[in-house]
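Biologist: I've just opened this entry and could use a tour. Shall we look at it together?

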Amino acid sequence: MITLITNIKELLQVREVHVNKVSGKSMAVLPTIKNAYLIIKDDLIFDFGEIKNMPSLKADKTMDANNKIVLPTWCDSHTHIVYAGNREGEFVDRINGLTYEEIANNGGGIINSAKKLQETSEDDLFDQASKRIEEIMALGTGAVEIKSGYGLTFEAEIKMLRVIKKLAINYPIEIKSTFLGAHAFPAEFKDNKEAYIDLICDKMIPAVADENLAEFIDVFCETDYFTVAQTERILKTGKKYNLIPKIHVNQFTSIGGVQIGIKYKALSLDHLEIMQPIDIEALKNSNTMPVALPSCSYFLSIPYTPAREIIDQDLPLALATDFNPGSTPSGNMNFVVATACIKMKMTPEEAINAATINGAYAMNLSTTHGSITKGKKANLIITKEIPSYNYIPYAFGSNLIDIVMINGKIIDTV
Ligand code: NIG
Ligand code: FE
């Protein structure tokens with residue numbers, strides 16, 4: 001099946017196959033082709049170039065882009081999309097003056113979501129998460145990572161991971177799975193935290209690996225959550241089972257999470273709102289992708305990840321949503337890109353690179369996703385009529401997406 005897209009005003013993020021991420025000054029460059037065509041063969045990008053060089057070929061289907069912009073779909077490398085119910089009560093509590101920490105200490109927060117999830121059936125969870133997957137696909141996301149971590153018992157963590165697996169089978173969007181048993185301490189382990197680490201290391205991780213339920217392992221390494229030593233134990237055990245670290249660090253405090261992540265060759269280190277110079281230094285000379293989650297900062301009114309300091313130190317940066325019921329009840333990557341420009345002073349080129357090729361890298365997908373490259377997945381956003389790609393973050397409250405294609409097929413964007 002050959003599909004030809006003609007009359008593309010500008011084709012964004014055109015890359016050679018060897019580019020797996022962009023760092024530092026290169027992030028300010030977004031390679032494009034103006035007045036372009038693109039040919040899709042089955043689910044893959046087959047060819048593209050300037051219209052004036054378009055080969056004559058017999059396509060099964062021809063689409064006129066009507067002078068609109070085409071870019072690769074967003075790669076959202078950090079989400080918690082499988083959850084039960086919502087936490088809008090806590091949202092109102094925060095408006096009335098309670099902090100995120102105070103809510104968590106009163107039995108709200110992650111523990112609140114875990115209680116709800118434990119009581120929800122696998123089928124119900126699947127249905128709730130399906131709606132979110134359908135929503136993010138319509139918002140232009142073509143690849144997503146999903147974490148466990150709202151189960152916090154052996155059974156509930158496995159249940160969450162099975163739901164993620166089922167979503168991956170049932171939806172065309174690429175889904176990567178992360179085991180986050182170390183998201184919070186269940187109440188019954190409050191006075192015996194090491195026993196929960198034992199449960200994670202001795203029972204959960206082996207079962208996750210045995211059933212092939214996750215590729216990555218995550219820990220919420222943070223004051224009042226998991227210490228650096230506990231994080232290290234979990235990453236070490238994960239390594240034995242070939243689980244690659246992608247960890248939550250430096251959301252509220254800088255306690256050495258970055259350094260332990262680098263030591264265990266984390267694929268990505270996520271959040272990074274509170275960064276000391278030694279944390280930025282540690283990221284240098286590593287292959288680890290720093291990941292910023294600006295809609296979490298927006299929703300919780302906490303500092304934004306210092307993108308300028310990171311990029312100006314010649315490091316790469318990816319952007320993701322953190323879609324979850326507590327700190328970011330939104331999976332909108334368009335809003336993330338806009339917020340990165342508006343609040344983190346990233347240029348539109350940097351933000352688009354961070355949300356596509358670098359996001360793909362942060363979930364081990366940059367050989368198949370994240371750019372317009374021959375042989376990569378035909379995952380495309382066709383925008384509405386907009387004057388330039390700067391308009392995408394500029395008009396932050398508008399839906400600028402006309403068509404989303406995943407694996408070469410148009411998906412419903414109602
Ligand atoms: O990434 N920080 C840890 N976990 C989530 C929030 C979890 C929640 O509040 O439910 C996050 O922000
Ligand atoms: Fe998160």
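**Around the two ligands**

Modeller: Sure, and keep in mind that this is a predicted model. Let's begin with a contact: an N or O atom in the side chain of His-248 sits 3.0 Å from an oxygen atom of ligand 1.

Biologist: How much of the accessible area of ligand 1 does the protein cover?

Modeller: On its own, ligand 1 has 330 Å² of accessible area. The space it takes is the largest cavity. As for the share the protein covers, the value is 100%.

Biologist: Which class has nine residues in the shell around ligand 1?

Modeller: Two residues of that shell are charged and four are nonpolar. Arg-87 puts a polar side-chain atom 2.8 Å from an oxygen atom of ligand 1, and Asp-322 does so at 2.8 Å too. The class with nine residues is polar.

Biologist: What residues coordinate the iron ion (ligand 2)?

Modeller: The donors lie at 2.1 to 2.2 Å from the iron ion, and along the chain they follow the spacing H-x1-H-x167-H-x73-D. That pattern has three H and one D. The residues are His-78 (NE2), His-80 (NE2), His-248 (NE2) and Asp-322 (OD).

Biologist: Are His-78 and His-80 buried or exposed?

Modeller: Buried here takes under 20% relative accessible area. Both His-78 and His-80 fit that class: they are buried.

Terms used:
Residues are numbered from 1 along each chain as its sequence is written. Chains are lettered from A and ligands numbered from 1 in the order in which they are written. This is a predicted model: local features need pLDDT of at least 70, side-chain atom pairs count only at pLDDT 80 or more; totals for chains, interfaces and linings use all residues. Side-chain values use heavy atoms; hydrogens and water are left out. A polar contact is a pair of N or O atoms within 3.5 Å; within protein, one must be able to donate a hydrogen and the other to accept it, and residues adjacent in sequence count only if both atoms are side-chain atoms. Accessible areas come from the Shrake-Rupley method with a 1.4 Å probe; for residues, only the protein chains shown count as cover. On a 1 Å grid over the protein atoms alone, a cavity is a set of points where a 1.4 Å probe fits but cannot get out, and a pocket is an open set with protein on both sides within 12 Å along at least five of seven lines; lining residues have an atom within 4 Å of a point. A molecule sits in a cavity or pocket if more than half of its atoms lie within 2 Å of its grid points. Ala, Val, Leu, Ile, Met, Phe, Trp, Tyr, Cys and Pro count as nonpolar, Asp, Glu, Lys and Arg as charged, and the others, Gly among them, as polar. Donors are N, O and S atoms within 2.8 Å of the metal (3.2 Å for Na, K and Ca); water is not among the atoms, so sites may look incomplete. Buried means under 20% relative accessible area, exposed over 50%, partly exposed in between (1.4 Å probe, protein chains only).
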